[in-house]
Amino acid sequence: MITKQELKEQMLKDGISLFGVADVSGIKGHFVLTEEITKDLNRAVVLGYRLSQKVLDSLVDKPSPMYYFHYQRANVFLDSSILKVAELIQRDGYQALPIPASQMIDWENMRGTVSHREIAELAGLGWRGKNNLTVSPLYGSQVRYITLLTNMPLEADKPLAENCGACRLCARVCPAEAISDSPEKFDSGKCRIQLRKFEKIQFIGTMICGLCVKACKGKGNI
Ligand code: SF4
Ligand code: SF4
């Protein structure tokens, strides 16, 4: 059986920035999947891909066509990378359920099949930030994530016991004033309204922003 360490080394070699394993046995009720499908799948492999600092630096007060393209390609890279994890796990006779990197199934509440952020946090890759995104100590919110559910008995990582502290950099740049002093006070309604405005920009056409992502460099901020 391939070990967790071998899987991690393989993915880091292939260009993935962050790798973790989460115990998802307690949060399967959050997934938009039937019990029949998830019943043996108690582990999740999480991959993170760090976005280009320079692409983010080029944003001024709205998303740009270059950011849009980069964001899309990062998702495609993650979708391809998780297929490799799926193959390596299935080769050893275990189940592997890859979840798309960025596929909304509920646009109103901006939900996918699972929350990659929630699982990345369980896997210890970051904490929930005031901007409602996962904050990696190394790369801040400048990471895209993807998840694969499995019954392979991989050792789970532990969540981090850290938070944003006194940092408010993302709140200062949010055009919607959606960010407050804690993740619990994040106003997803205001954020969604802003994203719908950005969606109408020529060559964007999707609900992205990037401004609080640009602002958040993790430990470098705090
Ligand atoms: S994505 Fe944009 S609108 Fe939403 S919280 Fe971040 S900066 Fe504000
Ligand atoms: S910019 Fe600061 S406050 Fe905002 S999510 Fe990142 S670390 Fe937290």
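Helix H1 passes helix H4 in a right-handed crossing, and that meeting of two helices is a good place to start. Please keep in mind that this is a predicted model. From the helix pair, the tour below moves on to an open sheet of 4 strands and then to the surroundings of ligand 1.

**The H1 and H4 pair**

- Two packed helices are described by the angle between their axes and the distance between the axes.
- For H1 and H4, the packing angle is about 150° and the axes are 11 Å apart.
- Angles over 145 degrees count as roughly antiparallel, and H1 and H4 are therefore roughly antiparallel to each other.
- On the H1 side, the residues that take part are Leu7, Gln10 and Met11, and in H4 they meet Ser81, Lys84, Val85, Leu88 and Ile89.
- Sorted by class, this contact of H1 with H4 has 5 nonpolar, 2 polar and 1 charged residues.

**The sheet**

- The 4 strands of the open sheet follow the order S1-S2-S6-S3, and their pairing is antiparallel.
- Strand S1 (18-23) and strand S3 (96-99) each have a single partner strand and stand at the edges, so one side of each is left without a neighbour in the sheet.
- From one strand to the next, the twist averages 25°.

**Strand partners, one pair at a time**

- S1 pairs with S2 in the antiparallel sense, over 6 bridges.
- If you would like a residue to look for here, aspartate 23 has arginine 43 in S2 as its bridge partner.
- Strand S2 (residues 43-50) also runs antiparallel to strand S6 (residues 143-150), and 8 bridges join the two.
- Alanine 44 stands opposite leucine 149 in S6, while leucine 47 has isoleucine 146 in S6 as its bridge partner.

**How the helices lie on the sheet**

- Helix H1 (residues 4-13) lies across S1 and S2, and its direction is at about 145° to S1.
- Helix H4 (residues 65-91) lies across S2, S3 and S6, and runs at about 25° to S6.
- S2 is thus one of the strands that H1 lies across, and H4 lies across S2 as well.

**Around ligand 1**

- The residues that surround ligand 1 are Cys174, Pro175, Ile179, Phe186, Cys191, Gln194, Cys209, Leu211 and Cys212.
- Helix H7 (188-199) and helix H8 (211-215) are the elements that give two or more residues to this shell.
- What classes do the residues of the shell around ligand 1 divide into? There are 8 nonpolar and 1 polar, with no charged residues in the shell.

Methods
Residues are numbered from 1 along each chain as its sequence is written. Chains are lettered from A and ligands numbered from 1 in the order in which they are written. This is a predicted model: local features need pLDDT of at least 70, side-chain atom pairs count only at pLDDT 80 or more; totals for chains, interfaces and linings use all residues. Side-chain values use heavy atoms; hydrogens and water are left out. A residue is near a molecule or strand if one of its heavy atoms lies within 4 Å of it. Ala, Val, Leu, Ile, Met, Phe, Trp, Tyr, Cys and Pro count as nonpolar, Asp, Glu, Lys and Arg as charged, and the others, Gly among them, as polar. Two strands pair if DSSP finds at least two bridges between them. Axes are lines fitted to C-alpha atoms, for helices over the stretch in contact, and angles run from 0 to 180 degrees between N-to-C directions. Contact means heavy atoms within 4.5 Å. Angles under 35 degrees count as roughly parallel, over 145 as roughly antiparallel, 65 to 115 as roughly perpendicular and the rest as oblique. A crossing is left-handed if the near helix is turned anticlockwise from the far one by less than a right angle, and right-handed if clockwise.
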